[in-house]
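Please look over the sequence and the model shown below before reading on. The briefing that follows goes from the overall fold to single residues, topic by topic.

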Amino acid sequence: MDSERTLEFKMMIAAKKKRDVRKSVRQSAWITLDGGFATRPCVVLDLSATGARIEIDDPRTAAAGFRLAFSRDARSARQCKVIWRRAKTLGVKFVR
């Protein structure tokens, strides 16, 4: 019985550590700043249910939080929080 509980516990920990599967998309998108008054083009390199990896020409223009729009009119935008930055690439988490 004790070994069953240990195995169950290890499986729960492994499931929590597992990242959402990211899908490679290489899709054009826009970063929306200042309440929608400024947009910057970007490319969504990969995407998951919880976040994305994006590439932008000047990553300094991306604030710590912004909206990521998948169409120019921003109807399908998601609120994002920057988790990491490497050169021109940003890792973002979708915020509700």
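This is a predicted model, and its strands form a closed barrel of six, in the order β1-β2-β3-β6-β5-β4, with antiparallel pairing. From one strand to the next, the twist averages 45°. The points below begin with the way β1 is joined to its partners and then turn to particular residues.

**How β1 is held in the barrel**

- Strand β1 covers residues 23–33, and nine bridges join this strand to β2, which spans residues 38–47 and runs antiparallel to β1.
- Two of the positions facing β2 can be picked out by name, since Ser 28 stands opposite Val 43, while the bridge partner of Ala 29 is Cys 42.
- Strand β1 is also joined by three bridges to β4, made of residues 65–69, and these two strands again run antiparallel.
- In that second pairing, Thr 32 stands opposite Arg 67 in β4.
- As general background, the strands of a sheet pair through backbone hydrogen bonds, and this pairing can be either parallel or antiparallel.

**Glu 55 and Thr 89, a pair distant in sequence**

- Glu 55 belongs to strand β3, which is formed by residues 51–55, whereas Thr 89 lies in strand β6.
- Although 34 residues separate Glu 55 and Thr 89 in the sequence, their C-alpha atoms are 4.4 Å apart in space.
- When residues up to four places away in sequence are not counted, Glu 55 touches Cys 42, Val 43, Leu 45, Lys 88 and Thr 89.
- With neighbours within four places in sequence left aside in the same manner, Thr 89 is in contact with Leu 45, Arg 53, Ile 54, Glu 55 and Trp 84.
- Glu 55 counts as partly exposed because its relative accessibility is 32%, a value that falls between the limits of 20% and 50%.
- Thr 89, by contrast, is buried because its relative accessible area is 14%, and the buried class is the one under 20%.

**Two residues with positive phi**

- Arg 26, a residue other than glycine, has a positive phi near 40°, and its place is in strand β1.
- Arg 26 counts as exposed because its relative accessibility is 59%, and the exposed class is the one over 50%.
- Ala 87, likewise a residue other than glycine, has a positive phi near 55°, and this alanine lies in the loop between β5 (78–86) and β6 (89–94).
- Ala 87 is exposed as well, because its relative accessible area is 71%.

**Rings and charges**

- How many aromatic pairs does a search of the whole structure find? The search finds zero.
- Aromatic rings do, however, have charged residues over them: Arg 78 lies over the face of Phe 94, at 4.2 Å from the ring centre.
- Arg 86 lies over the face of Trp 84, and here too the distance from the ring centre is 4.2 Å.
- Trp 84 therefore appears twice in this briefing, as the ring under Arg 86 and as one of the residues in contact with Thr 89, which is buried because its relative accessible area is 14%.

Key:
Residues are numbered from 1 along each chain as its sequence is written. This is a predicted model: local features need pLDDT of at least 70, side-chain atom pairs count only at pLDDT 80 or more; totals for chains, interfaces and linings use all residues. Side-chain values use heavy atoms; hydrogens and water are left out. Rings of Phe, Tyr and Trp (its six-membered ring) pair if their centres lie within 6.5 Å; planes under 30 degrees apart count as stacked, over 60 as edge-to-face and the rest as tilted. A charge sits over a ring if NZ of Lys or CZ of Arg is within 6 Å of the ring centre and within 35 degrees of the ring normal. Helices (H or I, at least four residues) and strands (E, at least two) are DSSP runs, numbered from the N terminus. Buried means under 20% relative accessible area, exposed over 50%, partly exposed in between (1.4 Å probe, protein chains only). Contact means heavy atoms within 4.5 Å. Two strands pair if DSSP finds at least two bridges between them. Axes are lines fitted to C-alpha atoms, for helices over the stretch in contact, and angles run from 0 to 180 degrees between N-to-C directions.
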